[in-house]
Amino acid sequence: MQVKVSGALLAVEQDAHPGAAGVPVLFLHANVADRRMWQASCSWLASFRPAISYDRRGFGESRTLAPTPHSHVADLWSVMDALGYEQAVLVGCSMGGRIAIDAAMAQPARVGGLVLVSPGVGSAPTPEPVATVKELMDTIHATASRGDLDAKNELQAQLWLDGPLSPPGRVGGEARSLFLSMNGTALRAPHPGVAVEEPSAWARLESIQAPTAVLWGDLDLPHLQDRCRLLAQRIPAAQGTMLPGVAHLPSLEAPEQFNTALQRCLAGL
C-alpha cells in the first residue's frame, strides 16, 4: 500500500497471518537499504505478531512528488495512523534506529518497546574512526565526488555489509546482491527535500521510557560498537547484546541469527 505524506508517497508493507496478535512490530531501515532488509524478519514474525515495514522518502519504492521539508518521525506517525495502530514496537537499524529513538522521546505512549540495531543517535559526539575505517570512508567520499555511483555502492557494501576490518566480499550471494540493489536505488533517487532535525537525543537518553534492547555486530565499525555499549548503559533498563560474526546489517547477512536475537528481545519487552 501507499501512504501519502506531504511531498511523497511512502511504500508500506504489512504482513500478518491469521491469528497474529499483540502490539505490532514496525521495522525502520538503514540509510544504505530499504524495507527489503527486513523481509526475512517480517516473514518470520508475521505468524504471531503483525509486522510492518516501509520505505522512507528517497528509498525503495517510495516516490518523491516534490522536494519538501519533512520529519522522519512525523512520517512514522503517518504510517501508523494509516494502518490504525496507536502503538508499535519499533525495530530500527542505523538511521532507522535514530528515528526510533526520536519517536520514543517525542511520543512515549506510542512506542511499546525499542530494538535498536547499531543505531544512530541525534547530536551524538562526532567519532574519530580508526585509521582503516577512515581510509575507507575517505575513498568512498572521493568516489562520490567523481560521480561514480557503482564504485561508491561497492565500497559502501565493503564498509557496512562486510565490515571495514573484514576481507572485501566477506558477504556474498543473495545478501550482497540485495544490498547493491537497495543502496543503488537510494543513490540514484531524486532528493526528497531536507529532513528537519529533531531535538537532541544524545543528551536525553536517560529519559527513554520504553523497554529497550540494543544489538550490534562484532564486525561493525569499532566506534559504533563502543557507542552501542554506552547506549545500553545510559538507557534505563536497556539490555545490550553483541552478535558474533556479523557487521552493521545483521538482518540482511544472517537473518536466522538475527531473528533468534529479535525473538529474545521481543520476549523481554
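This is a short walk through a predicted model, one selection at a time.

**Stop 1: helices 2 and 3**

Start by selecting residues 72–83, which make up helix 2, and residues 95–106, which make up helix 3. Look at how the two pack: their axes are 9 Å apart and the angle is about 80°. That angle falls between 65 and 115 degrees, so helix 2 and helix 3 count as roughly perpendicular to each other.

Now show side chains. On the helix 2 side, pick out His72, Val73, Leu76 and Trp77. Across from them, in helix 3, you'll find Met95, Ile99, Asp102, Ala103 and Ala106. Colour this contact by residue class and you get 7 nonpolar residues, 1 polar and 1 charged.

**Stop 2: Ser94**

Step back to Ser94, which sits in the loop between strand 6 (88–93) and helix 3. What is the sign of phi at Ser94? The angle is positive, about 60°, although Ser94 is not a glycine. With a relative accessible area of 16%, Ser94 is buried.

There's another serine to check while you have backbone angles in view. Jump to Ser123, in the loop between strand 7 (111–117) and helix 4 (131–145). Ser123 isn't glycine either, and its phi is positive, near 65°.

**Stop 3: helices 5 and 6**

Next, select residues 149–162 for helix 5 and residues 173–188 for helix 6. Their axes come within 9 Å and cross at roughly 125°. Helix 5 and helix 6 are therefore oblique to each other. If you turn the view to check handedness, helix 5 passes helix 6 in a right-handed crossing.

The contact has a long list of residues, so take one side at a time:

- From helix 5: Leu149, Asp150, Lys152, Asn153, Glu154, Gln156, Ala157, Gln158, Trp160, Leu161 and Asp162.
- From helix 6: Ala175, Arg176, Phe179, Leu180, Asn183, Gly184, Leu187 and Arg188.

Sorted by class, the contact between helix 5 and helix 6 has 8 nonpolar, 5 polar and 6 charged residues.

**Stop 4: two side chains of helix 5**

Stay on helix 5 and centre on Asn153. Is Asn153 buried or exposed? It's buried, with a relative accessible area of 6%. Leaving aside residues up to four places away in sequence, Asn153 touches Phe179, Leu180, Asn183, Gly184 and Leu187. Those five names also appear on the helix 6 side of the contact.

Then move along helix 5 to Gln158. Gln158 counts as buried too, at 18% relative accessibility; the cut-off for buried is under 20%. With residues up to four places away again left out, Gln158 touches Leu136, Gly163, Pro164, Pro168 and Arg176. Of these, Arg176 is one of the helix 6 residues that meet helix 5, while Leu136 lies in the range of helix 4 (131–145).

**Stop 5: Val171, in the loop between the helices**

Select Val171, in the loop between helix 5 and helix 6. It's buried, with a relative accessible area of 7%. Once residues up to four places away in sequence are excluded, the contacts of Val171 are Leu161, Asp162, Arg176 and Glu253. Leu161 and Asp162 are on the helix 5 side of the contact with helix 6, and Arg176 is on the helix 6 side.

Try a distance label here as well. The C-alpha atoms of Val171 and Ala254 are separated by 9.7 Å, with their positions 83 residues apart along the chain.

**Stop 6: the aromatic rings**

Finish by showing Phe, Tyr and Trp side chains; the structure holds 3 aromatic pairs. Zoom in on Phe27 and Trp38: the ring centres are 5.1 Å apart and the planes are at 45°, so this pair is tilted. Phe27 is in strand 3 (residues 25–28), whereas Trp38 is in the loop between strand 3 and helix 1 (39–45), and the two are 11 residues apart. Both Phe27 and Trp38 are buried.

Then go to Trp44 and Phe48. Here the ring centres are 5.3 Å apart and the planes are at 80°, so the pair is edge-to-face. Trp44 is partly exposed, with a relative accessible area of 24%, and Phe48 is also partly exposed, at 33%.

For a last selection, add Phe258 to Phe27 and Trp38: ring pairs link these residues into a cluster.

Note on methods. Residues numbered from 1 in each chain as written. Predicted model: local features only at pLDDT ≥ 70, side-chain atom pairs only at ≥ 80, totals over all residues. Heavy atoms only, no water. Axes fitted to C-alpha atoms, helices over the stretch in contact; angles between N-to-C directions. Helix = DSSP H or I, 4+ residues; strand = E, 2+ residues; numbered from the N terminus. Parallel < 35°, antiparallel > 145°, perpendicular 65-115°, else oblique. Contact = heavy atoms within 4.5 Å. Nonpolar A, V, L, I, M, F, W, Y, C, P; charged D, E, K, R; others polar. Left-handed = near helix turned anticlockwise from the far one by under 90°. Phe/Tyr/Trp six-rings, centres within 6.5 Å; stacked < 30°, edge-to-face > 60°. Buried < 20%, exposed > 50% of the residue type's maximum accessible area, 1.4 Å probe, protein only.
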